[in-house]
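The following exercises concern a ligand site and the relation between two protein chains. Please examine the sequence and the structure before reading the worked solutions.

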There are 2 protein chains.
Amino acid sequence: RKKIMITGGAGFVGSHLADKLMMEGHEVIILDNFFTGQKTNIDHWMSHPHFSLIVGDVVDPIHLEVDEIYHLACPASPPHYQFNPVKTIKTSTEGTMNMLGLAKRVGAKILLTSTSEIYGDPQVHPQKEDYWGNVNPMGPRSCYDEGKRVAETMMYAYKHSNNVDVRIARIFNTFGPRMHPNDGRVVSNFVIQSLQNKPITIYGEGEQTRSFQYVSDLVDGLHALMNGKYGAPVNLGNPQEFTVAEFATTIKEMTASKSEIKKLEKTADDPNKRKPDISLAKQELNWEPKVSVKEGLAKTIEYFRMVLLSTG
Amino acid sequence: RKKIMITGGAGFVGSHLADKLMMEGHEVIILDNFFTGQKTNIDHWMSHPHFSLIVGDVVDPIHLEVDEIYHLACPASPPHYQFNPVKTIKTSTEGTMNMLGLAKRVGAKILLTSTSEIYGDPQVHPQKEDYWGNVNPMGPRSCYDEGKRVAETMMYAYKHSNNVDVRIARIFNTFGPRMHPNDGRVVSNFVIQSLQNKPITIYGEGEQTRSFQYVSDLVDGLHALMNGKYGAPVNLGNPQEFTVAEFATTIKEMTASKSEIKKLEKTADDPNKRKPDISLAKQELNWEPKVSVKEGLAKTIEYFRMVLLSTG
Ligand SMILES: NC(=O)c1ccc[n+]([C@@H]2O[C@H](COP(=O)([O-])OP(=O)(O)OC[C@H]3O[C@@H](n4cnc5c(N)ncnc54)[C@H](O)[C@@H]3O)[C@@H](O)[C@H]2O)c1
Ligand SMILES: NC(=O)c1ccc[n+]([C@@H]2O[C@H](COP(=O)([O-])OP(=O)(O)OC[C@H]3O[C@@H](n4cnc5c(N)ncnc54)[C@H](O)[C@@H]3O)[C@@H](O)[C@H]2O)c1
Ligand SMILES: O=c1ccn([C@@H]2O[C@H](COP(=O)(O)OP(=O)(O)O)[C@@H](O)[C@H]2O)c(=O)[nH]1
Ligand SMILES: O=c1ccn([C@@H]2O[C@H](COP(=O)(O)OP(=O)(O)O)[C@@H](O)[C@H]2O)c(=O)[nH]1
Ligand SMILES: O=c1ccn([C@@H]2O[C@H](COP(=O)(O)OP(=O)(O)O)[C@@H](O)[C@H]2O)c(=O)[nH]1
Ligand SMILES: O=c1ccn([C@@H]2O[C@H](COP(=O)(O)OP(=O)(O)O)[C@@H](O)[C@H]2O)c(=O)[nH]1
């Protein structure tokens, strides 16, 4: 049995990961400041003897004894990470530095959840890990993108200078139950809008593309990455690519919604297309997504239906 | 008279800037950890009543009352910034955060010396400020490049969230007296090798280009930027472009050296070409370089001749 810390473990992805690790019988410690995470996501473990919750912030140093660190803490949706850009940068810089300092001190393995956003508005398609990206250092998305880029660089530096055993996942758009209903991401927005028969809001013409992965696939990928030997960045995503307009129609149909589709203004620096090349993950981790977008959407729609029922 | 802090003020550029600000009659406070800076660069001011030196590190918080901060602290030559990549990243992230926290608290203007390295191995030529760059987040140069990129992002974030009055200079290769003789940059290497009739070491075929500016021009540019109103990044450099091989020949001829020219292995991720588009600086700051590369080199060669005489 291992002692495993998950920073950001009360959030969407982190709580599913906690479920998997708890089911495997490990001791799980979650460190979360509840900025976008919720206690309800982990409530079902609170009385388990192998589970602990630390309410705290990764920008503060912390001294523990652990074997593995899954470092997820960071707001992930554009409205949330843009809410306080300075704090977002501190979370990625000071936060990652602290977790690397901890990993170095106790000899723990550490995995960073980086993002496809480090490719920016990509000029190669699909994106492979050796693409250096096209990122605006001075725009509304920069606090997140540049924060994650330098967090990757820190991982690389601690690996080379201090022999810290690192893992880096570049995660592409992921969805599923426990997404925050108000986090403003496209899946939660479109599903909730459809279920409420309110206008489905497309930013711009809807010709931009994204590729969507269901959360259980991501969790399996993170687990495979941590437990494998590969120490450089690996894309984790589902290559099933949609335009945002197609995606709106898909969700509208699946919910038998009467919503109209409404085009709003394009947001600044919104990437035009995004799709992972996952051959590296296949080769190094023997991993690939198993859940189709439609299957995943069906479960997610059910989840939000329940949320709406219970919140009215 | 203003109270002006210069971080990294005992270094090459910082000490020249200190000279200019002292001559203008300001109070100057230097904060430097002497990693690559030297006390001899500022010795001539030590007994002046308006001059103070704090031996300290920008990664530690510091509380002062100042009107302006020129934030230069950061090793600048590849061998120095690669010596301890983790420390280089801490200097750019924690260091810049501390200086921004200070600027915010006391309402000081703050100028960051960023770099042409944030353009990486550029795919547009010459480079304009709106180019997003082509940077490897995971390589030997990343600790410097990504550190400076996120430092720019921090400046942008504090400006937008906290109304901090910021200035960002993107400095292209600069040379002149007081460069550290062992810092491994091309100008000091080639000049010293030529003066000692030792082989001039070209990394790769010497077809890569750089554009070189004399330090007095840079200091004038930094001063104009701080005292102007323009708050977004501005290139400061001299567009006079040389291949490294041409540059070797130029220096060999100017020193009447008997050195042979020796090709060594190419270094990883070495940018292929670099040249500033300085129309923005001309327009916003009414600035352009005044010293030709040959004039600047003549002064620099004289300086290194003296250094070699005095150190033997
Ligand atoms: N979901 C995606 O599509 C996606 C895509 C790419 C990358 N990622 C990355 O995966 C990770 C998890 O994302 P998510 O979708 O679960 O987001 P989320 O917002 O649901 O979870 C983030 C968690 O981190 C916590 N947190 C934020 N700042 C913190 C701080 N300073 N200290 C302690 N805790 C803090 C939040 O409270 C929350 O519980 C993030 O690092 C994100 O960047 C997610
Ligand atoms: N010279 C160039 O060609 C060039 C080009 C682009 C950008 N720059 C930038 O200009 C600035 C000055 O460069 P330079 O050429 O004078 O280099 P330098 O190495 O001579 O000067 C850097 C100074 O900062 C000090 N320093 C380093 N880390 C510190 C820390 N953690 N705390 C306190 N002091 C610290 C060093 O001791 C030194 O005095 C740097 O920010 C550099 O990135 C220079
Ligand atoms: O168990 C630990 C060890 C370190 N750190 C923090 O991690 C950061 C980076 O650690 P490192 O050892 O690299 O830094 P140093 O303390 O040498 O600056 C520092 O701010 C530490 O406070 C931490 O939070 N927990
Ligand atoms: O209500 C919404 C929310 C998002 N989007 C678009 O959907 C895509 C994915 O946005 P999201 O915020 O989910 O993630 P991103 O990949 O941009 O970080 C982007 O092109 C957004 O402009 C949209 O059209 N309507
Ligand atoms: O006069 C000051 C004010 C702040 N800081 C440091 O600057 C950083 C950023 O300051 P900010 O006010 O943004 O951060 P906070 O203290 O709110 O985290 C913090 O680590 C402070 O310790 C400093 O060194 N000198
Ligand atoms: O002894 C040397 C030092 C540098 N260079 C080359 O000169 C250019 C400028 O190098 P420098 O380290 O001065 O600055 P950079 O612009 O690379 O940061 C690069 O292409 C180096 O590979 C070289 O050929 N020989």
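**Exercise 1: The shell around ligand 5**

Helix α3 (residues 85-106) of chain B contributes the most to the shell around ligand 5, namely six residues. The model is a predicted one.

Task: Determine which residues surround ligand 5 and between which chains ligand 5 lies.

Solution. Begin with the location: ligand 5 is placed between chains A and B. Next, list the surroundings: Lys90(A) from one chain, and Pro61(B), Ile62(B), His63(B), Met97(B), Asn98(B), Gly101(B), Leu102(B), Lys104(B), Arg105(B) and Tyr158(B) from the other. Finally, classify the shell: five of its residues are nonpolar, three are polar and three are charged.

**Exercise 2: Polar side chains and coverage**

Task: State how far polar side-chain atoms of Asn98(B), Lys104(B) and Arg105(B) lie from an oxygen atom of ligand 5.

Solution. Apply the cut-off for a polar contact, a pair of N or O atoms within 3.5 Å. For Arg105(B), a polar side-chain atom is 2.5 Å from a ligand 5 oxygen. For Lys104(B), the corresponding distance is 2.9 Å. For Asn98(B), a side-chain N or O atom is 3.3 Å from an oxygen of ligand 5. As to coverage, ligand 5 alone has 520 Å² of accessible area, of which the protein covers 68%.

**Exercise 3: Relation of the chains**

Task: By what turn and shift can chain A be laid on chain B?

Solution. A turn of 180° with a shift of 0.0 Å along the axis superposes chain A on chain B with an RMSD of 0.0 Å. The two copies are therefore related as by a two-fold rotation axis. The same surface serves both copies, as 100% of the contact residues of chain A recur in chain B.

Technical notes:
Residues numbered from 1 in each chain as written. Chains lettered and ligands numbered in written order. Predicted model: local features only at pLDDT ≥ 70, side-chain atom pairs only at ≥ 80, totals over all residues. Heavy atoms only, no water. Near = heavy atom within 4 Å. Polar contact = N/O pair within 3.5 Å; in protein donor to acceptor, adjacent residues only side chain to side chain. Areas by Shrake-Rupley, 256 points an atom, 1.4 Å probe, with all protein chains shown as cover. Helix = DSSP H or I, 4+ residues; strand = E, 2+ residues; numbered from the N terminus. Nonpolar A, V, L, I, M, F, W, Y, C, P; charged D, E, K, R; others polar. Least-squares fit on C-alpha atoms with pLDDT ≥ 70 in both. Contact = heavy atoms within 4.5 Å.
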